[in-house]
Amino acid sequence: MKPKSMTLYDVAKHANVSYQTVSRVINQAEHVSDKTRRKVEAAMQELNYVPNRVAQQLAGKLSQTIGLVTSNLSLHAPSQIAAAIKSQASKLHFNVVISMIEQPDLSACKGAVNSLLSQRVDGLIVNIPLEDDQVRAITDMCGNVPVLFLDVSPTLNTHSITFDASTGTQLAVTHLVQQGHQHIALLSGPLTSVSARLRLEGWQLALAKHHLMAVAQLQGDWSSISGYLQTLALISTGSKFTALLVANDQMALGALRAFNESGLSVPGQVSVVGYDDTEDSACFIPPLTTIKQDFKALGNTSVDQLIAQIHTPALPGHATVLPVTLIERKTTAAPNSETVSPQALADALAVLAHQVARLK
């Protein structure tokens with residue numbers, strides 16, 4: 001025999017309160033004492049009562065659900081951001097529904113947004129790199145559903161939260177220059193990403209302020225393997241460099257492996273600076289000097305701001321820029337040599353040839 005589904009009235013009777021009080025607790029209404037709220041929540045738990053969100057939505061009430069569109073969660077930064085968003089949303093009694101897309105393009109983003117809108121979410125957070133016209137297209141799709149963007153231009157007049165790329169890149173370049181580095185190579189993220197472009201442009205501007213130009217410029221796809229292969233390619237060119245700026249910590253991990261396999265010591269012969277300060281970067285060998293972006297703060301702020309948009313739909317577009325800091329660890333030091341040794345070059349070429357053969 002199928003067990004009876006608990007109703008709002010059952011909860012009210014169990015908690016010895018009115019059904020209106022139970023309704024106010026479920027909908028996070030004000031004017032409910034903490035004692036009464038706890039009593040109602042305990043009754044709901046004891047009875048295994050689950051609010052009927054569909055019925056609430058049909059009645060024009062909030063679903064208490066946020067949609068998150070994100071890129072591949074196998075990458076550290078998106079996964080940490082998603083975890084922070086879920087944690088903060090839970091504290092505020094909101095659920096999070098995640099739609100992950102493999103290729104961060106407009107078509108895939110539209111499909112993910114449509115899927116989440118069909119689930120009647122109260123608002124959307126989009127952590128996908130989007131150009132200005134693409135942001136407007138997604139905003140139009142959402143209609144009256146609030147949307148907040150995390151990988152767009154900070155100059156765009158929309159609801160967005162980004163990190164201060166200008167300061168982050170200046171901190172990284174200044175740190176290396178103050179140690180005496182003059183020959184610096186760059187490993188950017190994919191230039192389809194707004195964040196990757198901002199970091200690359202920031203490095204270039206910061207170098208120019210010191211009357212320097214990048215020795216070499218390569219592009220990865222945020223993954224460790226791309227950092228590894230691109231760094232091997234850099235070493236194999238014989239370019240004279242004493243430091244490498246990397247657009248995220250995951251690619252920096254691959255770069256450290258490439259230097260190790262090529263017989264180049266870090267930081268003895270080459271200094272490396274990453275970007276993000278993911279949880280693992282302090283455990284790299286050596287521990288990674290990097291630019292810290294506080295993903296927990298990003299998650300908290302994005303949820304808080306989206307809920308403010310949900311409750312006040314007329315809020316004007318606002319770009320929030322979060323601060324960054326330099327975390328100095330063990331992958332940077334004063335330069336000892338400005339050349340790659342013939343043996344390191346030969347080792348890099350051999351390893352690179354082997355890896356390319358494996359990928360074919």
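Let's start at one side chain: Lys292 has a relative accessible area of 29%, which makes it partly exposed (buried is under 20%, exposed is over 50%, and partly exposed is in between, using a 1.4 Å probe and protein chains only). Before going on, keep in mind that this is a predicted model, where local features need pLDDT of at least 70 and side-chain atom pairs count only at pLDDT 80 or more, while totals for chains, interfaces and linings use all residues. Residues are numbered from 1 along each chain as its sequence is written, and side-chain values rest on heavy atoms, with hydrogens and water left out.

Back to Lys292. Its side chain meets that of Asp277 in a salt bridge, 3.4 Å from N to O (the rule asks for a side-chain nitrogen of Lys or Arg within 4 Å of a carboxyl oxygen of Asp or Glu). The two partners come from distant parts of the chain, 15 residues apart: Lys292 is in strand 10 (residues 289-293), and Asp277 is in the loop between strand 9 (271-276) and strand 10. Helices and strands here are DSSP runs numbered from the N terminus, H or I over at least four residues for helices and E over at least two for strands. Asp277 counts as buried, at 12% relative accessibility.

Asp277 has another partner too, pairing with Arg329 at 2.9 Å, N to O. Asp277 lies in the loop between strand 9 and strand 10 and Arg329 in the loop between strand 12 (324-327) and helix 13 (342-359), so this bridge ties together parts 52 residues apart in sequence. Put together, Asp277, Lys292 and Arg329 form a network of salt bridges.

The rule gives five salt bridges in total. One of them joins Arg257 and Glu261, whose closest N and O atoms are 2.7 Å apart. Both sit in helix 11 (residues 249-261), and because they are four residues apart, about one helical turn separates them. Arg257 is partly exposed at 39% relative accessibility, and Glu261 is partly exposed as well, at 30%.

Now zoom out. The chain has 13 helices and 12 strands, and 49% of its 360 residues are buried. Take the contacts (heavy atoms within 4.5 Å) with a separation of 6 or more: 74% of them join residues 24 or more positions apart. About 17100 Å² of the chain is exposed, with carbon and sulfur atoms supplying 54% of that; the areas come from Shrake-Rupley with a 1.4 Å probe, and for residues only the protein chains shown count as cover.

What about the interior? The largest nonpolar core has 63 residues, and Ile125, Leu245 and Phe259 have the most contacts inside it (such a core is a set of buried Ala, Val, Leu, Ile, Met, Phe, Trp, Tyr and Cys residues joined through side-chain atoms within 4.5 Å). Helix 12 (residues 295-311) contributes the largest share of this core, six residues. Apart from that core lies another of 18 residues, including Val113, Leu124, Val135 and Ile138. As for Phe259, beyond neighbours within four places in sequence it touches Thr231, Ile235, Phe241, Leu244, Leu264, Val266, Val270 and Val272.

Val266 also leads into a backbone oddity: its peptide bond to Pro267 is cis, with omega near 10°. Pro267 belongs to the loop between helix 11 and strand 9. Another cis bond runs from Ile285 to Pro286, with omega near -5°, and Pro286 is in the loop between strand 9 and strand 10.

Over at the N-terminal helices, the axes of helix 1 (residues 8-15) and helix 2 (residues 19-26) come within 8 Å and cross at roughly 105°. That makes the two helices roughly perpendicular. On the helix 1 side Leu8, Tyr9, Val11 and Ala12 make the contact, against Tyr19, Val22, Ser23 and Ile26 of helix 2. Axes are lines fitted to C-alpha atoms, for helices over the stretch in contact, and angles run from 0 to 180 degrees between N-to-C directions; under 35 degrees is roughly parallel, over 145 roughly antiparallel, 65 to 115 roughly perpendicular and the rest oblique. In the loop between these helices sits Asn16, a residue other than glycine with a positive phi of about 60°. Asn16 is exposed, at 67% relative accessibility.

Finally, look at Gly317, in the loop between helix 12 and strand 11 (319-322). Gly317 and His159 are 158 residues apart in sequence, yet their C-alpha atoms are 4.6 Å apart.
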